[in-house]
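Student: Could we go through a structure together, step by step? I would like to learn how to reason from what I see.

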Amino acid sequence: MSFLVDDGAKTPERHAMPDTAVGIDRGVNIAATTSEGHFHDRAFITGGEAVRYRRLQQRLARGKRGQCEPA
């Protein structure tokens, strides 16, 4: 996966911090980690999604076993 953002800034001739890298992997607990060991995390679920998920889980738990009700 790659990101391209055009901010209008001119690319420098030489990288400010050569031999460094940044990686992003949505399948782990930390969103991004730099080569210096700095962790950048974010919530992957919004507050509204968390509330909806909780309500759906409650509805599922209260339902009869083996019956599936459409959402």
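Here is a short conversation about this predicted model.

Student: In what order do the elements of the protein run from the N terminus on?

Tutor: Let's begin by listing the parts. The secondary structure comes to one helix and three strands. Read from the N terminus on, these elements run β-β-β-α.

Student: Which of the elements has the highest mean pLDDT?

Tutor: Good thing to check in a predicted model. The protein as a whole averages a pLDDT of 76, and 72% of the residues score at least 70. Among the elements, E1 has the lowest mean, 66. The highest mean, 90, belongs to helix H1, residues 47-62.

Student: Why should I be careful where pLDDT is low?

Tutor: That score tells you how far to trust the picture. Where pLDDT is low, the predicted coordinates should not be read in detail.

Student: What percentage of the residues count as buried?

Tutor: Let's look at the surface before the inside. The accessible surface comes to about 7,200 Å², and 54% of that belongs to carbon and sulfur atoms. To count as buried, a residue must have under 20% relative accessible area. Of the 71 residues of the protein, the share that meets this is 4%.

Student: Is Asp-19 buried or exposed?

Tutor: First find Asp-19 in the segment before strand E1, which covers 22-24. Its backbone has a positive phi of about 65°, although Asp-19 is not a glycine. The relative accessible area of Asp-19 is 81%, and the cut-off for exposed is over 50%. Because 81% passes that cut-off, Asp-19 is exposed.

Student: And how should I class Thr-20 by its relative accessible area?

Tutor: Thr-20 also has its place in the segment before E1. Its relative accessible area is 32%. Values between the buried limit of 20% and the exposed limit of 50% have their own class, so Thr-20 is partly exposed.

Student: Which residues does Thr-20 touch, not counting those up to four places away in sequence?

Tutor: Let's follow the chain a little. Thr-34 is 14 residues from Thr-20 along the chain, and their C-alpha atoms are separated by 7.7 Å. Leaving out residues up to four places away, Thr-20 touches His-15, Ser-35 and Glu-36.

Student: What does the side chain of Thr-20 reach at 2.7 Å?

Tutor: Here we look at the side chain of Thr-20 and a backbone atom. The partner belongs to Met-17. At 2.7 Å, the side chain of Thr-20 reaches the backbone oxygen of Met-17.

Notes. Residues numbered from 1 in each chain as written. Predicted model: local features only at pLDDT ≥ 70, side-chain atom pairs only at ≥ 80, totals over all residues. Heavy atoms only, no water. Helix = DSSP H or I, 4+ residues; strand = E, 2+ residues; numbered from the N terminus. Buried < 20%, exposed > 50% of the residue type's maximum accessible area, 1.4 Å probe, protein only. Areas by Shrake-Rupley, 256 points an atom, 1.4 Å probe, with all protein chains shown as cover. pLDDT = per-residue confidence, 0-100. Contact = heavy atoms within 4.5 Å. Polar contact = N/O pair within 3.5 Å; in protein donor to acceptor, adjacent residues only side chain to side chain.
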